[in-house]
Amino acid sequence: MLERVTDYLYNMLPSNEEALVHTLAYVMLGLSVPVFFITTFVKVAEYGRYTVKSSRELPARTAWLFQELPSFAVPVILVLSGRAVRMTQLPNQVLMAMFVAHYFQRTFIFSLLIRGGKKTPFHIFRDAFVFCTYNGYMQGRYLAEFAHYPHTWLADPRCIVGIGMFLVGMGINLHADHVLRNLRKPGESGYKIPQGGMFTYVSGANFFGEIVEWTGFAIACWSLPAAAFAVFTASNIGPRAYRHHKWYLQKFDNYPKTRKAVIPFLI
């Protein structure tokens with residue numbers, strides 16, 4: 001009986017690794033729908049200001065470092081292991097560098113800049129680690145082995161627009177993180193209203209920056225795996241930005257009424 005079940009599951013798997021990568025992308029797209037509805041109407045992920053006390057917790061800095069690490073390490077390992085036929089092509093090198101550079105910053109720099117912070121429940125750390133491993137493999141493997149671009153791709157309008165959006169989004173994200181880190185002076189506690197940069201227009205400036213960044217990445221890559229990641233990102237952190245917005249409005253009577261949640265002038 002067990003052998004039959006094993007054979008059935010094996011036959012359901014894609015017959016080659018490229019098909020597996022695309023299957024993973026379709027799964028991520030499919031999961032975006034329930035993730036959006038759960039985080040919008042049921043519950044928000046329990047970290048940061050929404051942390052619920054758990055029996056198993058990790059220091060914020062440690063949790064962030066190790067949960068983000070696979071998104072950086074897996075693509076790098078894939079390239080160094082020699083399983084990277086396409087990495088001799090300049091477009092693949094540039095697109096891979098964009099992905100790896102983002103996660104180098106998020107893993108090794110952002111984590112070191114965390115000041116205190118509430119402890120992270122182990123299940124949040126676990127889920128983030130699994131996702132980063134999943135996505136690190138999907139993006140890294142596709143760009144290293146299966147993504148075929150013409151040698152003129154970097155001059156293609158889609159690539160130019162996508163890289164531009166990626167850089168702008170990353171800049172917004174980094175600036176927003178800087179603003180949030182410096183809201184409180186040493187020794188202060190409690191929450192304050194963030195001001196400046198994209199916070200002038202939206203409550204979730206850091207989330208808006210990341211959505212723009214990965215949308216740009218998807219356009220530059222013009223691929224299913226990158227598009228799936230962009231959609232999943234928006235479906236996950238978009239509702240979180242909306243929750244932040246509602247929280248600010250309830251907590252501060254003087255909160256700017258014209259400020260939107262995540263998309264300037266719209267939402």
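How far apart do the end C-alpha atoms of residues 214-237 lie, and how much of the span is helix? I looked this up in a predicted model, and I found the two ends 12 Å apart, with 92% of the span in helix and 0% in strand.

I had picked this span from the UniProt record, an unreviewed entry, which annotates "transmembrane region" at residues 20-42, 63-82, 94-114, 159-176 and 214-237. For residues 63-82, I noted 30 Å between the end C-alpha atoms, 90% helix and 0% strand.

Next I turned to the aromatic rings, and a search of the whole structure gave me 26 aromatic pairs. One of them joins F99 and W214, whose ring centres are 5.7 Å apart and whose planes meet at 55°, a tilted arrangement. I placed F99 in helix α4 (residues 90-113) and W214 in helix α7 (residues 205-221), so this pair ties together parts that are 115 residues apart in sequence. I also checked their exposure and found both F99 and W214 buried.

A further tilted pair is F166 with F217, at 6.3 Å centre to centre and 45° between the planes. Since F166 belongs to helix α6 (residues 157-181) and F217 to helix α7, the pair ties together parts 51 residues apart in sequence. I recorded F166 as buried, at 2% relative accessibility, and F217 as buried too, at 0%.

Following the ring pairs onward, I found that they link F99, Y103, F131, F166, W214, F217, F229 and F232 into a cluster.

Last, I looked for charges over rings: the charged end of R106 sits over the ring of F110, 4.3 Å from its centre, while R158 lies over the face of W222, 5.0 Å from the ring centre.

Conventions. Residues are numbered from 1 along each chain as its sequence is written. This is a predicted model: local features need pLDDT of at least 70, side-chain atom pairs count only at pLDDT 80 or more; totals for chains, interfaces and linings use all residues. Side-chain values use heavy atoms; hydrogens and water are left out. UniProt positions are given in the numbering used here, feature names are shortened, and annotations may be inferred rather than shown by experiment. Helices (H or I, at least four residues) and strands (E, at least two) are DSSP runs, numbered from the N terminus. Rings of Phe, Tyr and Trp (its six-membered ring) pair if their centres lie within 6.5 Å; planes under 30 degrees apart count as stacked, over 60 as edge-to-face and the rest as tilted. Buried means under 20% relative accessible area, exposed over 50%, partly exposed in between (1.4 Å probe, protein chains only). A charge sits over a ring if NZ of Lys or CZ of Arg is within 6 Å of the ring centre and within 35 degrees of the ring normal.
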